[in-house]
Amino acid sequence: MSTASSLSIRRLVTYQQYTAPLIIVSETAQQTALPFLEAMVRESLARNMRIVAVCIDGLPSSDIANSPKTGIVDQRLSLDSILATNKPSSAATDMGIGAIDQNGFSQLQSAIDRGLQNIQTQMKLKSGNGSDDGVLVVIDSLDRLLRSSQTSTLMLVRRVRQAVCSVPKSRVVARFSRDLWDSKSWSYAANALCELADATVDVHPLDDLRTWMPGWYSDGRARPFMSLRNNDFRRGLARLEHKRQSGKISFEVSSFEIDAHSQLLKFSAVDVSAEPRLPQAQTNPSMTQAKGTSTEQKSQKAQPTQPTQTAQTAPAQQKDADPAADLSFNLSLTDKQRQDRANVELPYLNAQVMSAGEIHYQMDDEDDWDSDDPDDDLEI
Amino acid sequence: MSLYKTLSSSLNWPTGHGHPSTTTLLTSISLEPTHTFLIPHFLTTSTSDKQSPFLLLSFTQTLSHYTHILRKQGINQTKHKTIFINALNTQNDLGATLPQVTRPDYTLRRTEWPEFFKFLDSFKQCTLFIDGVCSLLDLGEDVEVVGDFVVGCKRIVEGNNGRLIVGLFLDEFTDPLVSRLVRSAHYYLGFEPLASGSSADVSGQLTVVPGHLYCQVHDSSQEFKPMLLHYRVSDTTVQFFSPGQSRIVL
């Protein structure tokens with residue numbers, strides 16, 4: 001099991017790895033990814049990076065928004081658009097108050113490009129030769145963009161990624177909901193988004209961990225929409241899918257906790273393939289120790305989901321040696337019984353021992369014995 | 001002054017409700033909208049300073065229904081600055097036919113949402129309670145449209161330092177809408193039947209968890225605590241208690 005310091009997600013978040021220009025952080029209604037996203041932003045601010053916050057659904061927390069290194073691109077639903085909306089009710093044509101048209105996507109792209117250019121200019125003025133601090137572009141979130149136009153959203157994300165790749169040590173992080181709609185087109189857009197991303201972090205509630213462990217099964221009852229440990233704003237599970245430049249895709253599951261004071265992320269390794277602890281079984285000393293041990297290990301590894309079966313294999317080996325050991329009635333013989341048994345003379349035993357195995361057959365009257373060899377006419 | 005002091009103290013709400021400029025989402029699973037008995041609580045809490053109005057926007061019931069609930073709880077509606085917005089019946093001559101006591105202060109029609117937003121923007125530091133917004137889905141509206149309507153109300157109310165409370169029914173048809181709204185909420189209160197089965201002494205259970213936006217509410221002195229509470233609805237009041245701590249059960 002990997003330690004916390006060797007976790008890929010930790011190396012990504014703390015910028016020990018720069019091989020993921022685009023990171024998609026996905027969430028569900030049961031566990032928000034907003035605290036995780038904001039903790040990543042705070043990590044970047046702590047490393048003296050510049051932030052371009054593209055606010056589509058909401059503004060970031062006040063400490064991030066008020067930071068001098070943060071540039072806000074406010075694309076939220078404006079009050080003017082809310083007060084001016086007057087669309088008739090039509091389920092087929094009404095895209096809602098918050099829909100973004102092609103012009104809106106162009107303006108959003110231009111606003112992001114301007115934000116990046118401003119920051120690059122500031123960095124060059126500050127250091128003269130270009131700063132090594134880098135830029136983090138945060139898009140919160142992609143849901144309204146995907147609702148308006150999935151194609152335009154994918155194109156926007158691709159262009160922003162390309163723009164960020166030209167700035168060293170820079171990255172794009174976008175938040176996205178993976179459970180909002182059940183339609184095929186949404187899942188297509190979600191898959192396309194994950195294909196674009198260099199790393200995908202799926203945030204889950206801590207309660208989901210037990211469902212990933214081997215041996216867990218559902219009791220058949222429907223899970224409530226929201227349980228007590230959902231939407232924990234300090235803890236959760238993170239499933240990382242990291243696509244490296246070599247083509248290798250690695251998966252990792254870890255738990256994270258946001259420190260109450262520093263508001264930064266701490267990760268802990270989680271082993272979802274861990275086998276449940278089994279009781280120590282007694283082996284038969286008459287069996288070969290090495291072979292028996294390896295057999296037990298193989299039986300444990302082969303059946304990780306059946307701890308009761310594994311626990312039963314060791315006692316089963318004892319039963320092979322003495323099948324009458326655990327019976328409720330006594331099958332054993334006393335010494336006198338054993339001696340009397342040995343003194344019983346079995347019938348026909350002497351005849352079996354004395355004879356050489358010949359067969360003595362007495363012919364009946366109807367039998368017609370032919371002594372010739374039936375194979376005499378064969379010309380072999 | 002909050003009506004349900006046990007609920008306020010359990011959730012660490014000294015003022016009886018959440019922080020200003022926040023959104024609370026209430027859901028009910030049972031056929032009876034059990035979240036409506038929180039209306040008197042939010043009404044008395046928000047109008048305690050006699051400056052902040054309480055706006056009740058209902059898509060499912062008339063004013064007389066809520067007046068009856070308030071009367072049962074011993075609350076005199078005339079002593080609180082309450083504004084009822086009718087979205088159930090949109091007939092033009094509604095105001096003329098009803099008596100003054102049950103006449104709504106505003107009627108919301110589907111084609112007049114901009115006028116309603118302007119009407120809402122005229123109130124400062126108000127508390128807006130939207131009851132039964134899921135009825136719009138039954139009328140054929142899309143989830144995005146209904147969600148944007150609530151988000152529009154949220155932007156206006158929170159921009160004026162007010163509070164938004166949305167109550168709706170939760171089932172497999174309204175699940176997408178609830179999933180959308182919980183992302184815009186700071187608090188989530190889910191009313192469910194008792195998990196262990198029906199009981200004459202306990203009416204149901206209440207699961208209180210943070211919404212998606214709670215992480216942006218920074219107040220260590222008033223930290224919200226996720227909690228599971230049981231409640232019992234009697235004729236004139238509602239009692240909240242920790243599981244197994246009811247006097248009736250003990």
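User: Why does R223(A) count as exposed?
Analyst: R223(A) has 56% relative accessibility. Exposed means over 50% relative accessible area, buried under 20%, and partly exposed in between (1.4 Å probe, protein chains only), so at 56% R223(A) goes in the exposed class. A word on the ground rules: this is a predicted model, where local features need pLDDT of at least 70, side-chain atom pairs count only at pLDDT 80 or more, and totals for chains, interfaces and linings use all residues. Residues are numbered from 1 along each chain as its sequence is written, chains are lettered from A and ligands numbered from 1 in the order in which they are written, and side-chain values use heavy atoms, with hydrogens and water left out.

User: What makes D208(A) and R223(A) a salt bridge?
Analyst: The rule asks for a side-chain nitrogen of Lys or Arg within 4 Å of a carboxyl oxygen of Asp or Glu. The closest N and O atoms of D208(A) and R223(A) are 3.2 Å apart, so the pair makes the cut. D208(A) sits in the loop between strand 6 and helix 9 (209–212) of chain A, R223(A) in the loop between helix 9 and strand 7 (235–243) of chain A, so the bridge ties together parts 15 residues apart in sequence. For those labels, helices (H or I, at least four residues) and strands (E, at least two) are DSSP runs numbered from the N terminus. Unlike its exposed partner, D208(A) is buried, at 13%.

User: How do you know that R183(B) and D179(A) join two chains?
Analyst: First the bridge: their closest N and O atoms lie 2.6 Å apart. R183(B) is in the loop between helix 8 (175–182) and strand 7 (187–192) of chain B, while D179(A) is in the loop between strand 5 (171–177) and helix 8 of chain A, so the pair links two chains. R183(B) is buried at 12%, whereas D179(A) is partly exposed at 26%. Both belong to a salt-bridge network that also takes in E27(A), D140(A) and R175(A).

User: And why is R161(A) called partly exposed?
Analyst: R161(A) comes out at 24%, so it's neither buried nor exposed. R161(A) makes a salt bridge with D198(A), at 2.9 Å from N to O. The two are 37 residues apart, with D198(A) in the loop between helix 8 (184–196) and strand 6 (199–204) and R161(A) in helix 7 (residues 150–165) of chain A. D198(A), at 12%, counts as buried.

User: What makes strand 8 and strand 9 of chain A partners?
Analyst: Two strands pair if DSSP finds at least two bridges between them. Strand 8 (residues 249–258) and strand 9 (residues 265–269) of chain A have 5 bridges, so they qualify, and they run antiparallel. S254(A) stands opposite A269(A). The strands form a hairpin with 6 residues between them, and Q263(A) in the turn has a positive phi of about 60 degrees.

User: How confident is the predictor in chain A?
Analyst: The chain averages a pLDDT of 77, with 76% of residues scoring at least 70; pLDDT is the predictor's confidence in each residue, from 0 to 100. Residues 88–94 of chain A stay under 50, with 8 contacts (heavy atoms within 4.5 Å) beyond four places in sequence. Residues 276–319 of chain A are also below 50, with 30 contacts beyond near neighbours in sequence. Where pLDDT is low, the predicted coordinates should not be read in detail.
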